[in-house]
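Grab a pencil and have the viewer open. Try each exercise yourself before you read its solution.

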Amino acid sequence: MSIWDRLLYLIGLRPTPGPRTYHFDASESLQVTLSTLSSDEGRPEHDLIPDILVAGLTQYTANERLWNTWESLSQREKDVTALVCLGYTNREIGARLHISRETVKDRLETAFRKFKVHKRNDLRVLMSHWDFSEWDRQQ
């Protein structure tokens, strides 16, 4: 405990000399999940909460940035990106979209630049949790 914390405790401005604790209301299912994680990790629930919040906020902001980048693509860039993520080659994409392989390559390079990746596989990994099945059903 710091000197400052101890002083606040002694003059009655801090109810306990221990570290501050925070409380939040959680649904029953969230509480069960937290208890299960706590048990699996062998850590108290109050130790897990900051880690879980950091992980969740990091994932949320990453998804938000990914969505904003997706929205910055032209429709043709979205089409090419989706088909690459589905495993199509440039030749197959060109045939499906009725464009040349060079045009596919240009659109793909633009998407790489916007997503800050260098290879098809990097793009696939980045977008792996997205569902592009609608593009597979088109045409």
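Below are four exercises with worked solutions, all on this predicted model.

**Exercise 1. Describe the overall build of the chain: how many helices and strands does the chain have?**

Solution. Start by counting: there are 8 helices and 0 strands. Next, read along the sequence, and you get the pattern α-α-α-α-α-α-α-α. Finally, look at burial: of the 139 residues in the chain, 24% are buried.

**Exercise 2. Find Leu 10 and decide: is Leu 10 buried or exposed?**

Solution. First, locate the residue: Leu 10 sits in helix α1, which covers residues 3-10. Then check its relative accessibility, which is 58%. The cut-off for exposed is over 50%, so Leu 10 counts as exposed. Last, see who joins in: together with Ile 11 and Leu 13, Leu 10 makes a nonpolar patch on the surface. The accessible area of these three adds up to about 350 Å².

**Exercise 3. Work out what kind of aromatic pair Trp 130 forms with Trp 67, and then with Trp 70.**

Solution. Searching the whole structure turns up 6 aromatic pairs. Take Trp 67 and Trp 130: their ring centres are 5.9 Å apart and their planes meet at 35°. Planes under 30 degrees apart would be stacked and those over 60 edge-to-face, so this pair is tilted. Now place the partners: Trp 67 is in helix α3 (residues 45-72), while Trp 130 is in the loop between α7 (120-126) and α8 (133-137). That's why the pair ties together parts 63 residues apart in sequence.

On to Trp 70 and Trp 130: here the centres are 5.5 Å apart with 65° between the planes, which makes the pair edge-to-face. This pair also links distant parts of the chain, with helix α3 holding Trp 70 and the α7-α8 loop holding Trp 130, 60 residues apart.

How covered are the two partners from α3? With a relative accessible area of 40%, Trp 67 is partly exposed. Trp 70, at 5%, is buried. To finish, zoom out: Trp 67, Trp 70 and Trp 130 belong to one aromatic cluster with Phe 132 and Trp 135.

**Exercise 4. Which helix gives the most to the lining of the second largest pocket?**

Solution. Begin with the pocket itself: its volume is about 220 Å³. Its lining residues include Ala 62, Asn 63, Lys 114, Phe 115 and His 129. Next, sort by helix: α3 and α6 (101-115) each supply at least two lining residues. The winner is α3, which gives 5 residues.

How values were computed: Residues are numbered from 1 along each chain as its sequence is written. This is a predicted model: local features need pLDDT of at least 70, side-chain atom pairs count only at pLDDT 80 or more; totals for chains, interfaces and linings use all residues. Side-chain values use heavy atoms; hydrogens and water are left out. Patches are made of residues with over 30% relative accessible area and no salt bridge: like charges are joined within 9 Å, nonpolar side chains (Val, Leu, Ile, Met, Phe, Trp, Tyr) within 5 Å. Accessible areas come from the Shrake-Rupley method with a 1.4 Å probe; for residues, only the protein chains shown count as cover. A salt bridge is a side-chain nitrogen of Lys or Arg within 4 Å of a carboxyl oxygen of Asp or Glu. Helices (H or I, at least four residues) and strands (E, at least two) are DSSP runs, numbered from the N terminus. Buried means under 20% relative accessible area, exposed over 50%, partly exposed in between (1.4 Å probe, protein chains only). Rings of Phe, Tyr and Trp (its six-membered ring) pair if their centres lie within 6.5 Å; planes under 30 degrees apart count as stacked, over 60 as edge-to-face and the rest as tilted. On a 1 Å grid over the protein atoms alone, a cavity is a set of points where a 1.4 Å probe fits but cannot get out, and a pocket is an open set with protein on both sides within 12 Å along at least five of seven lines; lining residues have an atom within 4 Å of a point. Grid points are joined across faces, edges and corners, and a volume is the space filled by probe spheres set on the points.
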